[in-house]
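Here is a short tour for anyone meeting this structure for the first time. Take a look at the model, then read on.

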Amino acid sequence: KDGQPIDGLFSGEIIDNQGAQYLLTVMIDITDRKRMEDALRQRDAILTALIENQPGLVWLKDRDGQFLAVNTLFSRACGRDRPEEVVGLTDHDLWPAELAAAYTADDQRVMQTVKPLTVEEQVFIHGSPRWFETFKTPLVNHFGEVTGTTGFALDITERKEVEQSLQRAKDEALAAAVAKNELLAKVAHEFRTPLSLLQT
């Protein structure tokens, strides 16, 4: 009536009354429902864009450890082509038992303490060892209740390899320095012994 367009859901039915046919048409105003659906679609698009454009693995889980959302990097890391294939699964569906148990324990700790957790861990992705720095945080609703966890894991394999290489070089340099000092001490001792004999 005010000139604004509305969304309607129409249904029609043929009614036969003593040989005469009538068309009964009903329209329900679904404008509010459509606006809500559009808002949800927009929110989902924003969430998808947010997690898909991160440089690492991203996930959200409920209190029972079921995945609510993941990005493509995460789904591919656990052998699934699309994020939708991971939603509804748990760590025990995706990883070896020992690894899944460790992830579950981390989640429980985060939810119980309601504090973030950062760990460095080695994970085998498609059979190859990779190092990740993992950040886990509790999900808390507007009532202050913990409803699950969210996480972000960044591949730090190259950094760890550089650190390990530097540590090896440092260890080798230290070992060489110790060996050199021992050699110098031995040589000095061998020189001192004849000198002491000459002095006597």
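What follows covers a hairpin, then some salt bridges and how buried their partners are.

Keep in mind that this is a predicted model.

**The hairpin**

Let's start with strands β1 and β2. Strand β1 covers residues 8–17 and strand β2 covers residues 20–29. The two run antiparallel, with 10 bridges joining them. To find your way along the pair, look for Leu 9, which stands opposite Ile 28 in β2. Two residues sit between the strands of this hairpin, and Gln 18 takes a positive phi there, near 50 degrees.

**The salt bridges**

How many salt bridges does the model have? The count comes to 13. Three of them are set out here, each with the N to O distance.

| Pair | Closest N and O atoms |
|---|---|
| Asp 106 and Lys 136 | 4.0 Å |
| Lys 136 and Asp 107 | 3.3 Å |
| Arg 159 and Glu 133 | 3.7 Å |

Now for the places these residues come from. Asp 106 forms its salt bridge with Lys 136. Asp 106 belongs to helix α4 (residues 97–113) and Lys 136 to strand β6 (residues 128–140), so this pair ties together parts that are 30 residues apart in sequence. Lys 136 also meets Asp 107 in a salt bridge. Since Asp 107 lies in helix α4 and Lys 136 in strand β6, that pair ties together parts 29 residues apart in sequence.

Are these partners buried or exposed? Both Asp 106 and Lys 136 are buried. Why does Lys 136 count as buried? Its relative accessibility is 3%, and buried means under 20%. Asp 107 is buried too, because its relative accessible area is 5%.

These residues also belong to something wider: a network of salt bridges links Lys 61, Asp 91, Asp 106, Asp 107 and Lys 136.

**Another link to strand β6**

Then there is the salt bridge where the side chains of Arg 159 and Glu 133 meet. This pair links distant parts of the chain, with Arg 159 in helix α5 (residues 157–199) and Glu 133 in strand β6, 26 residues apart. What about their exposure? Arg 159 has 37% relative accessibility, so it counts as partly exposed. Glu 133, on the other hand, is buried, with a relative accessible area of 18%.

Key: Residues are numbered from 1 along each chain as its sequence is written. This is a predicted model: local features need pLDDT of at least 70, side-chain atom pairs count only at pLDDT 80 or more; totals for chains, interfaces and linings use all residues. Side-chain values use heavy atoms; hydrogens and water are left out. Two strands pair if DSSP finds at least two bridges between them. Helices (H or I, at least four residues) and strands (E, at least two) are DSSP runs, numbered from the N terminus. Buried means under 20% relative accessible area, exposed over 50%, partly exposed in between (1.4 Å probe, protein chains only).
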